[in-house]
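Here are some short exercises to work through with the model open in your viewer. Try each task before reading its solution.

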Amino acid sequence: KNLWDIAVEQYKENDLANKNKSDSVLLLIGSKKGGKSTICYKFLERTETPKNTLALEYLFGRRSKGIETGKEICHIWELGGGTLFMDLLEIPITPENLRNLSVVLVLDLSKPEELWYTMQTLLDAVKKRIDEVVALSKDPNLKQSLYEQAKSCIPNDHEDFDSIDPFPVPLLIMGSKYDLFQTEDFQKRKLISKCLRYVAHSKAATLQFVSSKSEALINKARVSISALVFGTTSSKSTIVDLNKPLYICAGADSFQSIGSFTTLNVENKSLPKSLDAVKNIFSSHFPQVESKNIIPNDPAEDPHFKESDIDAMRTQKKKELLEYKNKKHQRSFNEMKYYLNRNKRK
């Protein structure tokens with residue numbers, strides 16, 4: 001074979017590999033106004049200020065793999081409104097993309113009174129939708145395949161291997177607004193951090209604290225998301241120091257390392273036995289309130305969504321509608337007046 005023949009064969013192999021490879025799908029969920037859009041824009045290296053997310057928004061990212069191998073594509077769905085629009089999860093979670101789905105859960109660390117409710121409600125909704133998709137799938141091995149893939153990040157010799165019930169798809173939990181969180185009382189930060197470590201470890205998820213005010217933390221978040229959707233290399237270093245932003249890869253933590261829970265006043269000497277026990281500890285100090293689910297204002301009236309041609313057409317149509325209503329009202333008035341006058345003559 002000459003050099004040209006080898007090049008042609010290599011091209012055909014790469015082309016076939018690209019056709020067989022499905023695009024990755026990333027679902028962003030989390031606290032209302034918790035920074036999901038900011039994290040997404042930073043990952044995509046977009047410089048403009050993100051607009052408020054309306055229900056469910058779609059973006060996509062591309063990564064070049066080289067001249068021969070083309071580009072990888074990631075379809076990104078962001079669910080806005082906290083827990084308001086969970087019915088829309090059926091759009092990004094489908095039988096076609098379930099094997100390539102990853103989830104990023106963004107939790108506002110500055111609002112612990114909403115944190116657990118938001119986390120549990122959204123994760124339960126996503127898992128419910130995944131279970132529905134699995135039930136509808138024609139692949140009898142899909143459920144077991146997802147479980148094995150999810151658990152593969154936990155070493156077989158890990159001390160907690162049998163105690164971990166992994167989330168069905170790769171999960172990254174991000175604690176946002178770390179710049180506000182780090183100014184809180186140490187005991188408060190300790191309790192929140194330990195609880196989130198327990199949740200992440202129980203679900204075989206990665207836990208990471210971020211802040212849009214820190215370029216270093218944003219870059220680290222970008223690397224983590226890239227590893228999630230493109231399979232690139234991520235940092236393996238573990239940070240559990242409560243005076244620093246936490247970073248713990250899936251499978252790198254342990255219940256023994258998390259240890260007992262220091263409440264605001266009392267040290268609990270025994271390790272919690274379940275997520276419900278941790279939830280009770282967390283909720284006893286931060287009673288959970290449901291975030292107010294208010295339907296957002298009409299985006300057509302929002303100056304951030306200005307579109308001159310569309311706005312001009314809307315103005316024209318609104319004017320025509322008003323004229324039509326006035327004419328209809330006047331016609332009805334004249335008809336009523338006519339019938340009243342006719343009855344008087346009789």
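**Exercise 1.** In this predicted model, find what joins the side chains of Asp253 and Arg197, and work out which parts of the chain the pair links.

*Solution.* Start with the distance: N to O is 2.7 Å, and the two side chains form a salt bridge. Next, place the partners: Asp253 sits in the loop between strand S7 (247-248) and helix H8 (255-258), while Arg197 belongs to helix H6, so the pair ties together parts 56 residues apart in sequence. Finally, check accessibility: both Asp253 and Arg197 are buried.

**Exercise 2.** Now turn to Asp139 and Arg99, and determine whether each is buried, partly exposed or exposed.

*Solution.* These two residues also form a salt bridge, with the closest N and O atoms 2.5 Å apart. Asp139 has a relative accessible area of 27% and Arg99 one of 37%. Partly exposed covers values between 20% and 50%, so Asp139 is partly exposed, and so is Arg99.

**Exercise 3.** Describe how helix H6 (residues 186-202) and helix H9 (residues 275-285) pack.

*Solution.* First take the geometry: the angle is about 155 degrees and the axes lie 10 Å apart. Angles over 145 degrees count as roughly antiparallel, and therefore H6 and H9 are roughly antiparallel to each other. The crossing of H6 past H9 is left-handed. Then list the contacts: H6 contributes residues including Leu191, Ile192 and Tyr198, which meet H9 residues, among them Val278, Ile281 and Phe282. Sorted by type, the residues of this contact comprise nine nonpolar, two polar and no charged.

Conventions:
Residues are numbered from 1 along each chain as its sequence is written. This is a predicted model: local features need pLDDT of at least 70, side-chain atom pairs count only at pLDDT 80 or more; totals for chains, interfaces and linings use all residues. Side-chain values use heavy atoms; hydrogens and water are left out. Axes are lines fitted to C-alpha atoms, for helices over the stretch in contact, and angles run from 0 to 180 degrees between N-to-C directions. Helices (H or I, at least four residues) and strands (E, at least two) are DSSP runs, numbered from the N terminus. Angles under 35 degrees count as roughly parallel, over 145 as roughly antiparallel, 65 to 115 as roughly perpendicular and the rest as oblique. A crossing is left-handed if the near helix is turned anticlockwise from the far one by less than a right angle, and right-handed if clockwise. Contact means heavy atoms within 4.5 Å. Ala, Val, Leu, Ile, Met, Phe, Trp, Tyr, Cys and Pro count as nonpolar, Asp, Glu, Lys and Arg as charged, and the others, Gly among them, as polar. A salt bridge is a side-chain nitrogen of Lys or Arg within 4 Å of a carboxyl oxygen of Asp or Glu. Buried means under 20% relative accessible area, exposed over 50%, partly exposed in between (1.4 Å probe, protein chains only).
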